[in-house]
Amino acid sequence: MVRAFLIKYAEIGIKGKNRYVFENALVRRVSERLERCEGKFLVQKEQGRIYVEAQAEDGSSPVFDPDEVIEALTHVFGIAHICPVVLVEDKTFDHVCQALVEHMKDVLGDKPFTFKVFAKRSDKEYEMQSPEICVEAGSYIIDHMPQARVDVHDPEVKVYVEIRQRAYVYVTSIKGPGGMPVGSSDRSMLLLSGGIDSPVAGYMMAKRGVRIEAVYFHAPPYTSERAKQKVVDLARLISEYTGPIQLHVVNFTDIQLYIYDKCPHDELTILMRRYMMRIAERIAKERHCLSLITGESVGQVASQTMQSLAATNAVCTMPVFRPLIAFDKNDIIEIAQKINTFETSIQPFEDCCTIFVAKHPVTKPDIEKMENSEKLLAEKIDQMLQEAIDGREILDVRP
């Protein structure tokens, strides 16, 4: 009976002397994610492996749902593969083979298959060496499963036997999300809108171990409460991967109207974007974030030409990461569908950017000209920015 899961990682394994930092971050993230699953679990490191073992209470069998556990683990960055394993306490070879064949029958049934055995012997005092384990276990499988045939070049089933303090046997390997565990890198502030791109950008950066906070610019009454709820829903969906997200909701209406009244309308989009970046950076510094994240992709819209990106970057002192910068829309949509944000993103609720977009926006803004236009706002804009930051709503969004 499966009551444990072997977690394999890839990139973490090349981290040298710092590997333990990433392993510990992965153990923490796995433990946090499993808190939402039925049952109790022990998560521990053992010689380059991480194991999740369901724990029994009062001497009874563990109560848990293996499918629920696997689903939870597929949302944890840093995991390359998830392997449901059978633990064999008595690791004499006959007991190991018996447990292995029983497990294979449970998983594979009576259908014909080809296989190859892989063995790893960490217990160097064990009675057999790895090549011998492979040969003898293969023979045992053939003797007890007539439908099985060895194929060492292209097997349909890969059979694994690991001899450690206990023996572990398994035949299933489920692909994980890869990347680095969230929390192994620093904190960053995501500019989150209700569109397709920014949730994907947050997901992509979290996959590199970055802990995410987010800022959303709300413009009531021009944008509805449903538009705001849509962004909260998107934050909740990506929090399945990132962990809890602190979402800063900034009322941007007065600033937008002030820009609309004072500045050339063909510059509205870029000017508003520059002030969004200023606000996001101030909040990011307050929250000890080291960078900003946006969902921009070169050339996708007028505000994302090379010149437009340079104009918005010019107001920031911290790095601005754009993980989707070279993606086309289909690439982004594919990821959005995979992480389950696409259907929410396409709900027809306008955000503040689309409401105030100019009919003929400038696509090659001149930074000096932008700065001159911003001088028209000098009387009130600093105070308005501070009021927007001080009056923001802060939501703790969790899976």
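Accessible area here comes from the Shrake-Rupley method with a 1.4 Å probe. With that in hand, let's start at the surface of this predicted model. The protein exposes about 18,800 Å², and carbon and sulfur atoms supply 49% of that area.

Now for the overall build. Along its principal axes, the C-alpha trace spans about 85 × 45 × 40 Å. The secondary structure comes to 14 helices and 15 strands. Of the 399 residues in the protein, 52% are buried. If you look at contacts between residues at least 6 apart in sequence, 80% of them join residues at least 24 apart. As for charge, you will find 49 positive and 58 negative side chains, and the centres of these two sets lie 4 Å apart.

Next, let's visit the aromatic rings. Pairs of rings with centres within 6.5 Å are what we are after, and the count comes to ten aromatic pairs. One to look up in the viewer is Phe 5 with Phe 64: their ring centres are 6.2 Å apart and their planes meet at 85 degrees, so the pair is edge-to-face, given that planes over 60 degrees apart fall in that class. This pair links distant parts of the chain, 59 residues apart. Phe 5 belongs to strand β1 (residues 4-8), while Phe 64 sits in the loop between β3 (49-55) and α2.

Are these two side chains buried or exposed? Phe 5 has a relative accessible area of 0%, so Phe 5 is buried. Phe 64 comes in at 12%, and therefore counts as buried as well, the cut-off being under 20%. The two also have company, since ring pairs link Phe 5, Phe 41 and Phe 64 into a cluster.

From that loop, move on to helix α2 itself, which covers residues 66-73 and holds Glu 71. With a relative accessible area of 47%, Glu 71 is partly exposed, because that class runs between 20% and 50%. Which residue 105 positions away along the chain has its C-alpha atom 9.7 Å from that of Glu 71? The partner is Gly 176.

To finish, here are two places where a charge meets a ring. The charged end of Arg 278 sits over the ring of Tyr 275, 4.5 Å from the ring centre. Likewise, the charged end of Lys 380 sits over the ring of Tyr 258, 5.1 Å from its centre. Both are easy to find by residue number in the structure above.

Conventions. Residues numbered from 1 in each chain as written. Predicted model: local features only at pLDDT ≥ 70, side-chain atom pairs only at ≥ 80, totals over all residues. Heavy atoms only, no water. Helix = DSSP H or I, 4+ residues; strand = E, 2+ residues; numbered from the N terminus. Buried < 20%, exposed > 50% of the residue type's maximum accessible area, 1.4 Å probe, protein only. Contact = heavy atoms within 4.5 Å. Lys, Arg positive; Asp, Glu negative; His and termini not counted. Charge placed at Lys NZ, Arg CZ, Asp CG, Glu CD. Phe/Tyr/Trp six-rings, centres within 6.5 Å; stacked < 30°, edge-to-face > 60°. Lys NZ or Arg CZ within 6 Å of the ring centre and 35° of its normal.
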